[in-house]
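Here's a quick briefing to read alongside the model. It goes topic by topic, so feel free to jump around.

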Amino acid sequence: MAARAKRAKVEDGSELSPLQSFLQWCDGVGLELSSKVCVSKEGIVAEYGMLAKDDIEEGEVLFTIPRSALLHQGTTKVSTLLEKEQSSLQSSSGWVPLLLALLYEYTSSQSHWKAYLSLWTDFKTLDHPMFWSKEERGRLLKGTGVPEAVDRDLANIQREYTDVVLPFMTRHPDLWNPGTHTLDLYTQLVAFVMAYSFQEPQDEEEEEEEEKPPNPPMMVPMADMLNHVSNHNANLEFTQDSLKMVCVRPIHKGQEVFNTYGQIANWQLLHMYGFTEPCSSNSNDTADIPVANLYEAAARGAQSDLDRQLVEEQWEVLCQIMEEKAAFIFGKQGCLTDTELHTALKVLCMSKEELSEFKDNEGWEEDDEDDEKISLALSNEGLPELKASWKRLIYEAACLTLRSYGDGEDEEKVMDVDRAVMEDKAALMGLSCRQWKALQVRYGQKSILHGLMELTKS
């Protein structure tokens with residue numbers, strides 16, 4: 001049974017804590033919180049979380065948030081202005097209107113969301129890799145793809161702030177002040193949106209009619225208190241008037257309530273949200289093999305000048321089919337981008353005659369292999385049965401990728417470095433929070449690549 005979130009009472013007359021103030025605000029905006037759950041700072045995996053005070057059955061509603069309590073570009077006090085000038089707020093991220101709303105609301109003493117936003121006095125405590133030094137990112141996360149993703153983020157944030165946000169704020173000095181609403185605060189709010197915002201899924205009917213851009217992100221008080229695991233027990237549902245967090249499998253008294261942010265690998269969790277799951281328990285973990293490494297594996301196998309020339313021609317054809325910077329994604333059960341990998345293997349293993357015929361026909365005349373067969377062939381079950389030339393390319397590409405995590409060592413030494421720490425409880429206990437998170441990302445990816453080598457070795 002749902003009941004309004006109770007007002008926090010402080011008998012000694014002291015000020016309410018940020019969490020108590022937030023719960024009082026929830027009561028005032030009509031957010032209904034089940035009597036079977038509570039928000040806590042203890043007994044959970046992060047700074048805040050939700051615990052079950054009683055056994056909860058599948059289908060029970062844990063809380064209901066009225067749409068008027070959501071914070072986005074349509075509910076902020078400056079919504080009319082943002083709507084009026086939306087054409088000048090276009091950007092590659094699509095987040096500028098929400099970020100301008102957050103800049104305004106976060107620094108306004110009169111903000112309707114003051115109690116909600118006061119839960120975060122410093123967004124840098126989210127500990128996104130964008131707040132690590134470049135040296136630390138490079139040292140702890142080499143080979144994982146995170147440093148490159150963060151560098152792109154920071155460049156995009158600076159460009160967006162300089163080219164879009166700053167000129168807009170300058171035109172409206174009564175609402176924004178570049179001295180207060182700095183690039184540093186803007187960057188912190190980007191991290192806040194990355195970690196805590198939600199995007200409402202589009203109607204399936206709308207998706208079928210025409211491709212529309214995704215709905216803009218929005219802040220959902222209370223829903224963002226729940227932490228993520230891949231094996232979650234609650235899920236956010238969207239209705240016309242409200243959003244509801246619904247139990248999707250039984251939760252026992254004392255257990256934490258977990259939402260899901262989607263099927264997300266550890267490197268993406270760290271990049272977007274600032275945390276990771278233990279790599280052994282994240283069933284959605286992945287490792288990427290760049291298509292360039294598949295090409296390099298083919299080039300290394302060339303025995304003569306004619307062979308090398310053929311590989312170059314194959315690569316030229318492949319680059320017309322897929323981007324040179326593309327990558328193949330491998331999960332714990334096999335290749336997730338199986339159609340693309342299948343195409344690349346076919347091209348890079350063609351004879352000169354087959355390649356010539358392929359060029360003349362501008363592609364394959366007819367592909368008799370269906371998607372299901374391809375998926376099975378490139379799964380963990382099918383990989384050992386692949387033809388030898390295909391297995392060699394995958395094996396060598398996995399080796400090359402594994403070596404990229406180290407500093408010139410061979411792939412076994414690169415693997416052993418992290419394996420030794422993972423198997424040493426004392427060493428694990430001695431790691432800093434950042435070192436532990438980076439280890440989960442690295443070792444998870446390395447394990448997938450090493451497993452792939454085991455499946456494809458001759």
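**The open sheet and the rest**

Let's start with a short pairing: β8 runs parallel to strand β11 (residues 256–259), with 2 bridges between them. Bear in mind that this is a predicted model. The protein has 18 helices and 14 strands, and its C-alpha trace spans about 85 × 55 × 45 Å along the principal axes.

**More on that sheet**

- In the β8–β11 pairing, His-228 sits opposite Asn-259 of β11.
- The open sheet is built from 4 strands in the order β3-β4-β11-β8, and its pairing is mixed.
- β3 (37–40) and β8 (227–228) are the edge strands; each has a single partner strand, so one side of each has no neighbour in the sheet.

**Overall numbers**

- Of the 458 residues in the protein, 48% are buried.
- Among contacts with a separation of 6 or more, 69% are between residues 24 or more positions apart.
- About 23,400 Å² of the protein is exposed, and carbon and sulfur atoms supply 48% of that.

**Strand β5 and its neighbours**

- Strand β5 (residues 61–66) is mostly covered, with 5 of its 6 residues buried.
- β5 pairs with strand β2 (residues 32–34) in the antiparallel sense over 2 bridges, and Phe-63 in β5 is the bridge partner of Leu-33.
- β5 also runs antiparallel to strand β10 (residues 242–247), joined by 5 bridges; here Val-61 has Val-246 in β10 as its bridge partner.
- What does Phe-63 touch, leaving aside residues up to four places away in sequence? The answer is Leu-31, Glu-32, Leu-33, Met-50, Met-222, Ala-223, Leu-226, Leu-243, Lys-244 and Met-245.

**The nonpolar cores**

- The largest nonpolar core has 89 residues, and the members touching the most others are Phe-22, Phe-63, Leu-100, Tyr-116, Phe-192 and Met-222.
- The biggest contribution to this core comes from helix α7 (residues 183–196), which gives 10 residues.
- Another core, of 42 residues, lies apart from it; Ala-302, Leu-318, Leu-341 and Met-453 are among its members.
- As background, nonpolar side chains in soluble globular proteins tend to be buried together.

**Aromatic pairs**

- Searching the whole structure turns up 17 aromatic pairs.
- Take Phe-22 and Tyr-116: their ring centres are 6.2 Å apart and their planes are at 40°, so this pair counts as tilted.
- Phe-22 is in helix α1 (residues 18–28) and Tyr-116 in helix α4 (residues 114–117), so the pair ties together parts 94 residues apart in sequence.
- Phe-22 and Tyr-116 are both buried.
- Then there's Tyr-295 with Trp-315: ring centres 4.6 Å apart and planes at 20°, so this pair is stacked.
- Tyr-295 belongs to helix α10 (residues 291–300) and Trp-315 to helix α11 (residues 305–321), so this pair ties together parts 20 residues apart in sequence.
- Why does Trp-315 count as buried? Its relative accessible area is 10%, and the cut-off for buried is under 20%.
- Phe-22 and Tyr-116 also belong to a cluster linked by ring pairs, together with Trp-25, Tyr-106, Trp-120, Phe-123, Phe-192 and Tyr-196.

**Helix α15**

- Helix α15 (residues 388–403) has 16 residues and reaches 22 Å from its first C-alpha to its last, close to the 22 Å expected at 1.5 Å a residue.
- Which residues of α15 are buried? They are Trp-390, Lys-391, Leu-393, Ile-394, Ala-397, Ala-398, Cys-399, Leu-400, Thr-401 and Leu-402.
- The cover over the buried residues of α15 includes β12 (287–290), α10, α12 (338–348), α16 (411–422) and α18 (433–456).

**A buried loop residue**

- Where is Thr-276 found? Look in the loop between α9 (266–273) and β12.
- Thr-276 has 9% relative accessibility, so it counts as buried.
- Not counting residues up to four places away in sequence, Thr-276 touches Asn-266, Leu-269, Leu-270, Trp-436, Lys-437, Gln-440 and Val-441.

Methods
Residues numbered from 1 in each chain as written. Predicted model: local features only at pLDDT ≥ 70, side-chain atom pairs only at ≥ 80, totals over all residues. Heavy atoms only, no water. Buried < 20%, exposed > 50% of the residue type's maximum accessible area, 1.4 Å probe, protein only. Pairing = 2+ DSSP bridges. Core = buried A, V, L, I, M, F, W, Y, C linked by side-chain atoms within 4.5 Å. Contact = heavy atoms within 4.5 Å. Phe/Tyr/Trp six-rings, centres within 6.5 Å; stacked < 30°, edge-to-face > 60°. Expected span 1.5 Å × (residues − 1). Areas by Shrake-Rupley, 256 points an atom, 1.4 Å probe, with all protein chains shown as cover.
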